[in-house]
Structure formats: C-alpha cells, structure tokens
Amino acid sequence: MTTYKNDNKFSFEIIKEIPGKLGRAGIIHTPHGDIHTPAFMCVGTNGQVRFVSMEELKSVNAQAMLSNGYHLRNTSYEIAENGGLAAWSGWDGPTLTDSGGFQVMSLGSGLGKVVSMDREKEVVNTDPQDRLAHVCEDGVYFHDPFTDQDDFIGPEESMQIQCRIGADIHMAYDELTSLADSYEYNVEALARTERWAIRSIEEHKKHCDDLGYHQSLYGVIQGGRWEDLRRSTSKKFAQMEFDGYGLGGAFLKESLGEILRWCCEELPKNKPRHLLGLSHPDDILIGTEMGADTFDCVAPTREARHGKLYTKYGPIAISKFADSDELIDNTCDCPTCKAGWTRGQLRALYKSQKLEDKHQYNNLTSIHNLRFIIRLTEEAREAILNGNFEEYKKEFLKNYYPNKY
RNA sequence: GGGAGGGUAGCGAAGUGGCUAAACGCGGCUGACUGUAACUCAGUUCCUUAACGGUUCGGCAGUUCGAAUCUGCCCCCUCCCA
C-alpha cells in the first residue's frame, strides 16, 4: 500500500509576505510532496517535458510538473491503472493538470494565432468556420488534429479525465478568451465559465479520491482585461469550495500586474494561486509581487528549441555566436553551463542537419532555460524571506531588460 | 582520337522564345514564440533605390520587335569507347 505525503492532504501555508504587496513565500503541501513558492512548474503536456528526462528535471531543482487533460484524455485509463500521473510518468512528485480550457482558445478563436502579450490591435479571431473547437453551454465540441478524432469535453468530462490522470492539483474547466474578444463576449464567456466552475466542483467531488490519494481543485479566474469582471468573478469564486485558484486569460504585458491585483485583492489570502501559462522573467516577478504563488509556461523550453537562451543580461540568439567560446551565462549553475558547453558548440548543434545533434541541442538548452527560470523563483523566494524582494526585483529587471525597466 | 551529356544566383536544382531578376530546396541574414496543432513559424537573400533603375543564366558573335531559352564559333566539366 502506497503511503502519501502530508497525510494525503492538500494545504497551503504562508511563510512570509512582501510588505505592502499581495505576494508571499509559502509551501503548498500535496500528497506527492511539497512545493516551496513562488515556484515554476515545468510543462510536460503529455506527461514528459520535451527533450528533458525526469532525472534532468530533478537536477534543475524542478518542484512540480504540469500536464494536460486534453492531451492525455485517451491515455487517462492507462494512467489510472498505473497509479496516477506521478507514478505513470516517472516524475514522482507534485503534479498539476490543466483542464483543456486552453485548447478551447488555441483550437478555436485563436487557431493558428500567437498568444500575444503586446499586440492587441493586430489580434483577430479565427473565422468560426475554420475553427477546430466550438463552445456551447454544455462544453466544447472539437476536432483533435493529432488523432483526427471528433470529441467533446465539458466540465464533467474534464473532471473525470483529470481524476483518472490523478494529478495533485486540477483546474476547473474554463474558457480562455482571446485579446480580440469584446467586453460583451467576455461577459457571456465569463458567466459560462462560472457555471462550469459549479459543475466542475460537483463532478470533482465524486472522483477526487478514486486513486487512493486526495486530488484538489483550483477554480480558474477569467474576465479578460476588465476590472469589474475580474473582481466580480473573483468574489464569487472566493465563496466556492476551491482549494486554490488559477489566474487565467490572455494578458497585455503592461496590464498584467494590475489585473492580477484586482483578482488577488478579492481572493482568499490563505489559498494558493497559479498564474497560468506565463513565465518570462518580468511576468514571474510581477506575478509574484501581485500574489501568484506558482507558474507554468512552455516558453523556457520552446524558446530554447527555437534558439533563444536566457542570460542574466537578457536573452541571446544562439545563431549569432559562431565560434564563440563563451558559456551561455557564466553566472549560471545549470548542468549545461557547469559542464562547460560553449555558445559556439551549442550553435553548431543547433545548426546541424543531424537529428541527434538537434536533439542534444534541445536537451542542453531546455535544461538551461528551465534552470534559469527556476533559479529566478528560488531567488525571489529567498528575497521575500530576507525582506528585500523589491530590491531584488528592481536589480534583476534592470540587468535583464536594460532598456525597459 | 571517336561518342554522349552538361555549364542557371553562395550551393543544389527547375525553366527550353515574351507572363523570368529567374520556381523550389539548402545555406545565410532578420524577426516571432507565454495553461505546447510549435525539433516550429514568418520575412529576406544579384547590385542600387524612398520609389525608379541597373547588370544577369560559361564566353563572344548572330537570328528576332523580344533570348537563360534558337544559330555559329570558342572555353570548361563529366561519362563511355579506343
């Protein structure tokens, strides 16, 4: 009989707050272990982070992994038979699954688009007849481009799938609107997401202990960029039986902090909050200051694969460093930098036509970028505990974005 | 010595009289990427320009209103037979 950590319970404790702000350092206790916050959760959509092994994830001090109920829905029975996501994937630590709500947008109004942070005016929704996902009150009908399968997920299905997958933390089923959606559409979508939240809680209750350990549920706050919507939905969700909250939406960079403040001022202080899908350094620091405890994002690994590597003094494009014998970042403690890989060597792997070289490049640089972001959260936590978060944030941003902050 | 096939932009390779500054691929250069339809995508790549314009398809000379495309000669490469 497997024994689970923390008495098989989910809880959150705040260790120290940022004076005068909404942020804090804390610990999330889950049946598969603790998460010291603020923390970055690595994205392993299908149960594995692309090009990074579980051992390598541990080696960069990753604390938790996020997977996706949508992508794993067909595998969920097999996962359940193998004891849940942590056991099945080999990650063996705290996990979170997304509800599939993101795919409502990425296969629907945002199909083929970029989830932009700073180009609101250029964003146009995909024509409804070209979308692969269609929203109605019951849930979402969609066509899976990978499996060529026509399928349906509503709040009940999402909860059933997530409870079979068995992450420690689940997300209520939500609809992510795009930057192109109007206020009127956001009112409609938000009301639907709120009804879906109630249905999610009801269904989740039925299955949340099925795998022998307790699985908790976060409600996802939407409401776009409108203060009245964000505050009203946060107030409602604060009264519901959620274990924590997801902060969702497509954000404009300059308004991220303010939107998070509206939400977190209304949400209960003693429950953890997860900022969904963001992790550029400024997003992490602003998010932490404004009350987000955990983060997840595909950017560190995707940008690494696409040639953008993080350094203390801002990102570099690896393609511009032919023959360079510099390390990616000589202040970095990641396994790639400690092993002495130079920019020139990595560029050669990046440009190579050989598949094994590209894979090695993807592996080495994903590890670097993940460690960079994870270290940022570790340092932010230390700074909160030491009472100097604001100084740390200012100094970090000045180095990383010399022309912006 | 005889026979055959070729020489197109940085490279490979289409094109075989006007719609061709010349498809496409690679390489090069820019730029994007945030709950992963993403080991991806979008530009750009003869010279010059804000636009215009200029010079090209081994070389030279022709035919034609018009040639990378047709003709002649020359140069070079590959293969086969002696």
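## Two domains and where they touch

Chain A splits into domain 1, covering 9–294, and domain 2, covering 308–400. Keep in mind that this is a predicted model. Taken over C-alpha atoms, the centres of the two domains sit 26 Å apart. Where they meet, domain 1 puts in 27 residues and domain 2 puts in 23 residues.

On the domain 1 side, several elements supply at least two residues each: strands E1 (11–17), E2 (24–30), E3 (33–37) and E4 (39–43), along with helices H1 (54–59) and H10 (281–289). H10 gives the most to this side, with six residues. Sorted by class, the domain 1 side that touches domain 2 has 14 nonpolar, seven polar and six charged residues.

## The surface around RNA strand B

Moving on to the RNA, there are 52 residues around strand B, and the ones that come nearest are Asp98, Pro145, Leu176, Gly277 and Val298. Two or more residues apiece come from strand E5 (64–68), helix H5 (101–106), strand E14 (294–297), helix H11 (299–305) and helix H14 (355–386).

H11 gives the most to the surface near RNA strand B, with five residues. As for the mix, that surface has 19 nonpolar, 20 polar and 13 charged residues.

## H14, end to end

H14 is also worth a look along its length. Its 32 residues, at 1.5 Å a residue, should span 46 Å, and the C-alpha atoms at its ends are 46 Å apart, so the two figures agree. Just after H14 comes glycine 387, with a positive phi of about 75°.

## How H6 and H7 pack

Helix H6 (residues 155–165) and helix H7 (residues 183–207) have axes that come within 8 Å and cross at roughly 35°. The crossing of H6 past H7 is right-handed.

Which residues of H6 and H7 meet? From H6 they are Pro155, Glu156, Ser158, Met159, Gln160 and Cys163, and from H7 they are Trp196, Arg199, Ser200, Glu203, His204 and His207. By class, this H6 and H7 contact holds four nonpolar, five polar and three charged residues.

## Backbone oddities

Some backbone background first: most residues other than glycine have a negative phi, and most peptide bonds are trans. Two spots in this chain go the other way.

One is the peptide bond between threonine 37 and proline 38, which is cis, with omega about 0°. Proline 38 lies in the loop between E3 and E4, and both of those strands supply residues to the side of domain 1 that touches domain 2.

The other is asparagine 6, a residue other than glycine with a positive phi, near 55°. You'll find asparagine 6 in the segment before E1. E1 is likewise among the elements on the side of domain 1 that touches domain 2.

Conventions:
Residues are numbered from 1 along each chain as its sequence is written. Chains are lettered from A and ligands numbered from 1 in the order in which they are written. This is a predicted model: local features need pLDDT of at least 70, side-chain atom pairs count only at pLDDT 80 or more; totals for chains, interfaces and linings use all residues. Axes are lines fitted to C-alpha atoms, for helices over the stretch in contact, and angles run from 0 to 180 degrees between N-to-C directions. Helices (H or I, at least four residues) and strands (E, at least two) are DSSP runs, numbered from the N terminus. A crossing is left-handed if the near helix is turned anticlockwise from the far one by less than a right angle, and right-handed if clockwise. Two residues are in contact if their C-beta atoms, placed from the backbone, lie within 7 Å. Ala, Val, Leu, Ile, Met, Phe, Trp, Tyr, Cys and Pro count as nonpolar, Asp, Glu, Lys and Arg as charged, and the others, Gly among them, as polar. A residue is near a molecule or strand if its C-beta atom, placed from the backbone, lies within 6 Å of it. The expected span of a helix is 1.5 Å times one less than its number of residues. Domain bounds come from an automatic or database domain assignment.
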